[in-house]
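These are my notes on how the chains in this model meet. I went through the contacts, the symmetry and one annotated domain.

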Number of protein chains: 4
Amino acid sequence: MAKHKVGIVGASGYTGSELVRLLTHHPDVTLEFVTSESYTGKKITDIHPHFQDLVDITLVSIDDVHEYEPDLVFLALPHGVSMNFVKEHGLDDFIIIDLSGDFRFSSQSVYEKWYKKDHVSAEYMEQSVYGLPELFRDKIRNAQLIANPGCYPTSAILALAPLIKQGYINPSSIVVDSKSGVTGAGAKPKEGLHFPDVFGNFSAYSLVNHRHTPEIEHTLLNYSGYTTEVLFTPHLLPIDRGILTTTYSTPKKEVNKEMVEELFHSVYEKEHFVRVFDSPPSLKNIRGSNYCDIHAAYDERTHKIITISTIDNLVKGAAGQAVQNMNIVFGLIESTGLKQIPLNP
Amino acid sequence: MAKHKVGIVGASGYTGSELVRLLTHHPDVTLEFVTSESYTGKKITDIHPHFQDLVDITLVSIDDVHEYEPDLVFLALPHGVSMNFVKEHGLDDFIIIDLSGDFRFSSQSVYEKWYKKDHVSAEYMEQSVYGLPELFRDKIRNAQLIANPGCYPTSAILALAPLIKQGYINPSSIVVDSKSGVTGAGAKPKEGLHFPDVFGNFSAYSLVNHRHTPEIEHTLLNYSGYTTEVLFTPHLLPIDRGILTTTYSTPKKEVNKEMVEELFHSVYEKEHFVRVFDSPPSLKNIRGSNYCDIHAAYDERTHKIITISTIDNLVKGAAGQAVQNMNIVFGLIESTGLKQIPLNP
Amino acid sequence: MAKHKVGIVGASGYTGSELVRLLTHHPDVTLEFVTSESYTGKKITDIHPHFQDLVDITLVSIDDVHEYEPDLVFLALPHGVSMNFVKEHGLDDFIIIDLSGDFRFSSQSVYEKWYKKDHVSAEYMEQSVYGLPELFRDKIRNAQLIANPGCYPTSAILALAPLIKQGYINPSSIVVDSKSGVTGAGAKPKEGLHFPDVFGNFSAYSLVNHRHTPEIEHTLLNYSGYTTEVLFTPHLLPIDRGILTTTYSTPKKEVNKEMVEELFHSVYEKEHFVRVFDSPPSLKNIRGSNYCDIHAAYDERTHKIITISTIDNLVKGAAGQAVQNMNIVFGLIESTGLKQIPLNP
Amino acid sequence: MAKHKVGIVGASGYTGSELVRLLTHHPDVTLEFVTSESYTGKKITDIHPHFQDLVDITLVSIDDVHEYEPDLVFLALPHGVSMNFVKEHGLDDFIIIDLSGDFRFSSQSVYEKWYKKDHVSAEYMEQSVYGLPELFRDKIRNAQLIANPGCYPTSAILALAPLIKQGYINPSSIVVDSKSGVTGAGAKPKEGLHFPDVFGNFSAYSLVNHRHTPEIEHTLLNYSGYTTEVLFTPHLLPIDRGILTTTYSTPKKEVNKEMVEELFHSVYEKEHFVRVFDSPPSLKNIRGSNYCDIHAAYDERTHKIITISTIDNLVKGAAGQAVQNMNIVFGLIESTGLKQIPLNP
């Protein structure tokens with residue numbers, strides 16, 4: 001079988017380099033091109049020296065994408081930039097998997113409210129499919145435009161979806177307390193992410209107004225039919241990779257420990273990339289891999305359901321999930337090229 | 001004025017060494033002795049070389065305490081060991097500030113249930129005063145036995161007390177999501193706290209059954225008269241010092257952002273060691289100091305109150321608060337010897 | 001072609017778990033067994049939960065090794081324990097790759113002096129081959145007993161071997177200043193490796209008497225014929241994985257920057273796992289991979305040659321190099337199963 | 001006695017904020033002003049929130065310095081900027097302690113070669129005194145312009161000075177292998193110092209051409225009369241604070257372990273801020289304090305002398321040493337206001 005031809009638009013960020021890492025050894029695709037406007041003509045190893053001797057790619061301009069006649073293009077671009085690419089290229093020539101937030105909503109006004117910018121290609125928002133395979137696999141299979149989920153939402157939604165869908169919890173009782181490594185904030189040096197600012201430190205940020213809030217609510221609604229109210233609080237962990245999300249919610253029917261645990265085991269039994277644990281998971285058990293580990297508990301004393309879920313924000317929270325989506329849309333086995341074993345210790 | 005004579009029982013742990021750090025330059029007390037059974041006769045610098053040239057103390061046995069005729073003794077002992085000391089020495093000869101959990105409850109049965117051991121000197125539990133100065137200053141002044149609060153409870157209670165006392169929140173709606181550095185787990189090497197186990201890692205532990213849960217509930221009840229139900233989830237941060245606690249609760253009356261912020265400003269206006277911030281605090285702003293920094297917010301969308309509070313678990317969460325209690329009981333200015341400026345970066 | 005049958009003796013340490021990680025997806029071998037005396041009968045995921053859903057192995061006893069009729073056995077045992085296994089099993093039934101220090105010397109007296117214990121199977125020391133493929137590939141091909149190199153020596157020898165062999169440097173002028181992550185010290189919690197002891201800290205240890213000193217000297221002599229005097233100083237880095245070694249030596253002939261750089265490029269041109277860089281390498285560029293990155297420089301002002309080399313101590317410094325040796329001894333392509341791309345960031 | 005009036009020029013960097021930390025509780029000086037051009041009119045707590053409730057300073061412009069009639073001014077400015085201040089203000093009105101590199105050399109050409117910029121006030125270079133109190137206390141006492149030493153040089157020179165001055169070592173044999181925390185590179189976010197670039201990482205930089213090389217050589221010459229050749233290699237530690245320097249040199253006369261140890265004990269016996277240890281020191285033992293800890297060893301096998309020295313780069317390597325110099329020039333007890341006990345763990 002001829003290999004599928006894919007390309008990456010945007011090489012300098014973390015999602016770009018992780019896509020390269022994952023696609024380099026993928027058996028069923030060839031990585032035809034990687035673009036970078038700032039580094040056009042340079043080797044990818046000039047930006048990412050860890051690929052030395054492993055990846056021999058000369059970066060090209062975004063203007064040259066069509067020359068390669070790709071079957072699929074990954075957009076590893078900042079929020080607000082992907083929409084321009086889609087506007088220019090449309091969806092007829094190749095499938096697009098966009099790793100930014102530009103097509104995660106079906107509502108233009110919601111996007112514009114939370115992202116604080118105009119959407120230039122809103123006409124494509126409706127066609128876009130939210131690329132969380134465990135929830136929307138069937139739609140992804142036939143999508144031309146896939147909006148790859150945000151990292152925080154991936155960790156929160158996989159933990160909450162079974163509870164909300166099965167009517168276990170009160171949709172307006174949900175608290176999501178997330179903790180993320182610094183790569184979630186991007187590769188560009190900035191105030192507050194300078195090494196001495198983060199080392200030995202910890203803090204919450206974007207209280208009550210983080211734009212992943214509507215993404216979580218919107219997706220839970222689409223999946224379950226329930227309108228939820230989610231209070232989402234992100235915190236910055238002094239590590240490079242990984243998100244751990246703790247959720248709290250109130251049951252709306254009588255439950256017990258066993259029911260809650262059993263729910264997760266049954267919902268995710270056949271999922272390759274969700275592992276249900278009987279004790280709280282820890283970040284290093286998924287480092288570098290596409291797994292989401294989940295533990296669910298019920299506190300009889302206070303009548304609350306707690307979930308803990310972990311992902312590598314750059315893999316299941318970005319590049320790995322994008323490749324998983326690509327596998328689905330190409331009709332490949334979903335775990336192809338995603339068998340990296342977590343790096344622990 | 002003659003200086004007060006104090007001693008420390010237990011030198012090898014972190015609270016012991018932090019007490020030495022804080023008392024060494026305290027202007028109104030003399031540190032008469034430090035005990036250690038494993039290191040009797042050795043120099044304190046043999047265990048804690050950072051005191052070289054600064055602290056010249058030869059460790060003595062716990063059996064020699066009486067020889068020094070102390071006015072006050074700090075017990076920096078493990079849970080379950082302090083009670084033996086109190087049983088043996090009683091409270092007639094010197095004031096005791098106990099940094100373990102042994103005297104934090106007035107109920108023997110609650111202690112025995114959560115700490116899973118018999119209490120050998122339960123007769124003293126009623127006399128003990130919970131040493132959180134901001135809440136119980138008047139009782140502390142006349143105490144003979146002060147139970148120094150746990151680190152997690154200090155961070156949670158200072159954030160919740162104003163809300164619960166003033167009737168702002170529903171007492172059964174409280175979620176406490178705490179994140180602590182590793183020194184909170186003690187100085188003894190153990191499985192799970194080995195450097196490679198924690199580095200780059202993050203996890204929750206003791207879900208639904210951590211013994212700081214009843215300490216928080218018990219104290220909030222004593223202070224406010226309200227019986228609360230607290231769901232407390234601790235997490236292990238890959239850093240050495242510091243606790244950040246995020247709480248979530250539901251208002252029981254109509255509130256707004258300004259009311260919530262104003263409440264904290266007014267309650268803590270005159271407190272030396274509580275700083276109320278208008279944005280989320282970060283751990284390094286209190287490192288090495290006796291401060292508790294608090295930010296409170298209200299989310300209009302989901303109708304929830306959020307607080308973020310930070311302490312250095314070894315200072316305001318242990319040794320610093322113990323010295324603050326000592327200052328009160330000796331009638332000194334409460335901040336004496338506690339003016340260390342946070343070490344940031 | 002039938003797959004080769006291999007087994008691992010010793011599951012609980014880091015080298016054991018890294019061998020499992022690397023062998024799980026190796027296309028030409030089957031991992032027949034993993035032993036553990038403390039966890040016999042348990043699942044490997046009980047010790048290493050990151051293998052959940054990926055590795056389904058029930059641990060067996062070391063006494064059962066023969067039942068599996070392996071072609072090759074990896075010994076992931078502490079120093080002083082491997083020798084007992086070799087004594088008991090000999091070398092007739094299967095090839096042994098020993099990851100301990102027990103067979104790295106040909107001289108029993110050198111071993112006993114530096115390891116401070118009697119060698120119980122010294123008769124096998126002469127047959128053992130030092131498993132550094134870049135230097136001793138031909139001998140490894142036919143070995144029955146391979147002594148997998150120490151982590152520090154791997155990083156130092158690969159940097160020094162070209163210089164000493166080609167007569168560039170004075171053999172008695174060598175200083176090796178190494179810095180290692182904490183996994184190099186093993187998985188067992190101990191004093192000094194407790195998280196708060198290492199976090200934010202840095203120190204040198206084992207000055208002038210670390211047992212990797214004679215291993216470096218012994219190997220350089222075997223390879224080059226020159227007797228060297230190496231001053232080796234290890235330091236403990238507050239990270240989990242990785243060794244960076246800086247060496248300093250004095251040229252014994254006239255050299256310049258270009259000659260020194262060119263030497264390394266030419267010597268390692270065809271080596272899959274050595275990458276020669278024109279600027280100083282950094283640890284994260286090799287994390288999780290089997291690469292050794294090297295940069296060599298010459299300081300005209302002080303007439304000294306400097307090298308900087310980096311490895312992942314658990315991969316090229318242990319399990320990865322062991323698999324590389326296995327590939328050689330099985331006649332496979334040397335990089336088979338070792339194509340993991342470094343995990344960066 | 002009236003307090004001395006001092007001011008700080010430059011508030012936004014780490015040395016500025018550490019000066020504020022140390023001077024706030026200094027008993028014999030008043031901090032009259034702190035300048036910042038970018039934050040003029042703002043509170044210092046707007047930049048450094050850890051000073052909340054502790055330091056109430058409104059930042060002023062550098063143009064207002066004279067209004068305060070200070071006795072002494074600290075320049076916490078970047079290299080190349082201090083010289084302008086000195087040019088403009090001269091040395092008649094107040095003593096200047098400059099924490100940049102602008103006045104550390106007496107030779108204009110050496111400065112211009114290594115710092116790659118013209119010196120605009122070279123006429124003051126000769127008057128400047130190198131502010132390393134342990135070596136040049138007498139000159140400091142009467143200085144009008146004190147060049148506060150670089151952080152790396154402080155750690156290296158204190159370790160090498162006794163050896164070179166007493167003729168123990170060959171002056172052209174010196175290797176200095178230093179490892180520094182990231183605060184040494186300043187507070188400004190930049191490429192390579194972004195948190196994920198440094199976390200879990202380690203690397204060498206500025207091989208053979210770091211400008212602290214001539215500072216070390218120049219100072220050793222001034223102090224000992226010996227012209228040295230120093231090969232200096234800095235490395236970036238993934239921590240916030242602290243420098244550990246390992247030096248290697250060859251004896252030029254017969255020495256032994258005892259002689260080497262004894263030399264350091266006798267030279268530094270009366271020094272308040274140098275602690276000589278009989279085992280290798282570790283960084284956390286000096287964190288936040290003005291100490292330099294030193295261990296010296298002799299390797300009989302390879303005939304080399306090794307020293308390990310540690311400082312907090314922001315204290316003894318910058319702000320603390322500046323205050324120590326201030327105490328000397330004001331005739332105060334040298335340790336006044338510098339009694340902070342190291343923060344460990």
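I count two residues as in contact when they have heavy atoms within 4.5 Å. The model is predicted, so I noted its limits: local features need pLDDT of at least 70, side-chain atom pairs count only at pLDDT 80 or more, and totals for chains, interfaces and linings use all residues. Residues are numbered from 1 along each chain as its sequence is written, chains are lettered from A and ligands numbered from 1 in the order in which they are written, and side-chain values use heavy atoms, with hydrogens and water left out.

**Entry: chains A and B**

I looked up the contact first and found 44 residues of chain B touching 44 residues of chain A. The two chains bury about 3600 Å² between them, with 62% of that on carbon and sulfur atoms. Buried area here is the accessible area (1.4 Å probe) that two parts lose on being put together, summed over both.

I then searched for salt bridges (a side-chain nitrogen of Lys or Arg within 4 Å of a carboxyl oxygen of Asp or Glu). There are 4 between chain B and chain A. One of the pairs I looked up is Arg301(B) with Glu217(A), whose closest N and O atoms lie 2.8 Å apart. Polar contacts are pairs of N or O atoms within 3.5 Å; within protein, one must be able to donate a hydrogen and the other to accept it, and residues adjacent in sequence count only if both atoms are side-chain atoms. I get 24 residue pairs in polar contact between chain B and chain A, both at pLDDT 80 or more.

Which elements of chain B supply at least two residues to the side that touches chain A? They include helix H8 (212-224), strand E7 (174-180) and strand E13 (304-311) of chain B. Helices (H or I, at least four residues) and strands (E, at least two) are DSSP runs, numbered from the N terminus. By class, I find 24 nonpolar, 12 polar and 8 charged residues on that side of chain B. Ala, Val, Leu, Ile, Met, Phe, Trp, Tyr, Cys and Pro count as nonpolar, Asp, Glu, Lys and Arg as charged, and the others, Gly among them, as polar.

I superposed the copies by least squares on the C-alpha atoms of residues with pLDDT of at least 70 in both. Chain B goes onto chain A with an RMSD of 0.0 Å after a turn of 180° and a shift of 0.0 Å along the axis. That is the relation of a two-fold axis. Of the interface residues of chain B, 100% are also interface residues in chain A, so the copies meet through the same surface.

**Entry: chains C and D**

I repeated the search and found 44 residues from chain D in contact with 44 residues from chain C. These chains bury about 3600 Å² between them. Phe202(D), Tyr248(D) and Arg301(D) supply 17% of the area that chain D buries against chain C, more than any other three residues. I count 4 salt bridges between chain D and chain C. Arg301(D) forms a salt bridge with Glu217(C) at 2.7 Å, N to O.

A rotation of 180° with 0.0 Å of shift along its axis superposes chain D on chain C, RMSD 0.0 Å.

**Entry: within a chain**

Over all chains I find 64 salt bridges. Glu18(B) and Arg21(B) form a salt bridge at 2.9 Å, N to O. They are 3 residues apart in helix H1 (residues 14-24) of chain B, and therefore separated by about one helical turn.
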